[in-house]
Amino acid sequence: MQISERFRGEWKSHYRSDPALAMQNQTLLDTSMRGVEILRILALAIRSEQDFGLTPSDVAIVGAIKENTSNSESTAIINTYTPPYSVLADFKPLKLRQALNKIAHANPVGGGFFADANNHDLILTGSGQSGIHNWIVILSIIDLCSAIKSLPDYKITT
């Protein structure tokens with residue numbers, strides 16, 4: 001959450017009006033890279049705990065998904081998206097477990113984001129195992145953090 005707040009603050013105060021300039025800002029780049037790293041680690045760790053029954057498969061909605069999208073449709077969504085994700089036509093609710101899977105399998109160069117004072121949504125894209133059936137996900141970092149915080153702690157004994 002702290003990384004999201006730092007990114008949103010920097011984006012809102014200096015760069016929202018000029019995204020090209022923002023991508024040259026080292027603070028935004030460093031914050032973004034650190035955020036992605038933590039997001040992937042969290043996704044894999046929680047998925048693993050769920051796989052072994054250590055953490056419940058939470059049903060919290062953390063975003064929206066649209067499957068069977070074309071590349072041009074995904075690009076259009078990335079370029080025009082504004083919150084909230086819950087009102088997007090042809091999208092279905094994205095639950096925590098599915099979001100964790102999409103984070104793990106997202107195309108690292110095929111996405112985007114929306115950030116303002118109240119929202120920090122990632123736009124992830126990817127495809128099925130056979131390379132077809134493209135999908136696009138709008139993932140609320142704020143809703144994801146809330147869902148993860150609500151999971152019970154599991155104490156590992158050695």
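Hi everyone. Before anything else, one definition: helices here are DSSP runs of H or I with at least four residues, strands are runs of E with at least two, and both are numbered from the N terminus. With that settled, please keep in mind that what you see is a predicted model.

Let's begin with the whole chain. The protein chain contains 6 helices and 5 strands. Read from the N terminus on, its elements go α-α-α-β-α-β-α-β-β-β-α. The chain has 158 residues, and 37% of them are buried. If you take the contacts between residues at least 6 apart in sequence, 68% join residues at least 24 apart.

Now to the sheet. In which order do the strands sit? The 5 strands make an open sheet ordered β2-β1-β5-β4-β3, and the pairing is antiparallel. The edges belong to β2, residues 92–95, and β3, residues 112–115; each has a single partner strand, so one side of each has no neighbour in the sheet. From one strand to the next, the twist averages 25 degrees. Helix α5, residues 96–105, packs on this sheet and touches β1, β2, β4 and β5. The direction of α5 makes about 80 degrees with that of β2.

As a reminder, strands of a sheet pair through backbone hydrogen bonds, either parallel or antiparallel.

I'd like to spend some time on β1, with a partner on either side in the strand order. Strand β1 covers residues 61–67, and 5 bridges join it to β5, residues 135–140, running antiparallel. Within that pairing, Ile-65 stands opposite Val-137 of β5. Towards β2 there are 4 bridges, and β1 and β2 run antiparallel. So is β1 mostly buried or exposed? Of its 7 residues, 5 are buried, so β1 is largely enclosed by the rest of the structure.

Two residues of β1 give us a closer look. Take Ala-64, which has its place in strand β1. Ala-64 has a relative accessibility of 3%, and because the cut-off for buried is under 20%, it counts as buried. The bridge partner of Ala-64 in β2 is Pro-93. Which residues does Ala-64 touch, leaving out those up to four places away in sequence? They are Tyr-85, Phe-91, Lys-92, Pro-93, Leu-94, Ile-136, Val-137 and Ile-138. There is also a nice sequence-versus-space pair here: Ala-64 and Leu-88 are 24 residues apart in sequence, with their C-alpha atoms 7.9 Å apart.

The other one is Lys-66, again in strand β1. Would you guess buried or exposed for Lys-66? Its relative accessibility is 12%, so this lysine counts as buried. Setting aside neighbours within four places in sequence, Lys-66 is in contact with Glu-73, Asp-90, Phe-91, Asn-134, Trp-135 and Ile-136.

That brings me to the loops, with some backbone details you may want to look at on screen. Asp-90, one of the contacts of Lys-66, is found in the loop between α4 and β2. Asp-90 is not a glycine, yet its phi is positive, near 65 degrees. With a relative accessible area of 62%, Asp-90 is exposed. Pro-84 lies in the loop between α4 and β2 as well. The peptide bond from Pro-83 to Pro-84 is cis, with omega near 5 degrees.

Then there is Asn-68, in the loop between β1 and α4. Asn-68 also has a positive phi, about 60 degrees, although it is not a glycine. At 56% relative accessibility, Asn-68 counts as exposed.

Last stop: the second largest pocket, which holds about 150 Å³ of space. It is lined by 10 residues, and the closest to its centre are Ile-78, Asn-79, Gly-112, Phe-113 and Phe-114. Which elements supply at least two residues of this lining? Those are α4, residues 71–80, and β3. Edge strand β3 gives the most, with 4 residues. What about the chemical classes? The lining has 7 nonpolar and 3 polar residues, and no charged ones.

To recap: an open antiparallel sheet, helix α5 packed on it, a largely enclosed β1, and a second largest pocket to which β3 gives the most lining residues. Thanks for listening!

Methods
Residues are numbered from 1 along each chain as its sequence is written. This is a predicted model: local features need pLDDT of at least 70, side-chain atom pairs count only at pLDDT 80 or more; totals for chains, interfaces and linings use all residues. Side-chain values use heavy atoms; hydrogens and water are left out. Two strands pair if DSSP finds at least two bridges between them. Axes are lines fitted to C-alpha atoms, for helices over the stretch in contact, and angles run from 0 to 180 degrees between N-to-C directions. Contact means heavy atoms within 4.5 Å. On a 1 Å grid over the protein atoms alone, a cavity is a set of points where a 1.4 Å probe fits but cannot get out, and a pocket is an open set with protein on both sides within 12 Å along at least five of seven lines; lining residues have an atom within 4 Å of a point. Grid points are joined across faces, edges and corners, and a volume is the space filled by probe spheres set on the points. Ala, Val, Leu, Ile, Met, Phe, Trp, Tyr, Cys and Pro count as nonpolar, Asp, Glu, Lys and Arg as charged, and the others, Gly among them, as polar. Buried means under 20% relative accessible area, exposed over 50%, partly exposed in between (1.4 Å probe, protein chains only).
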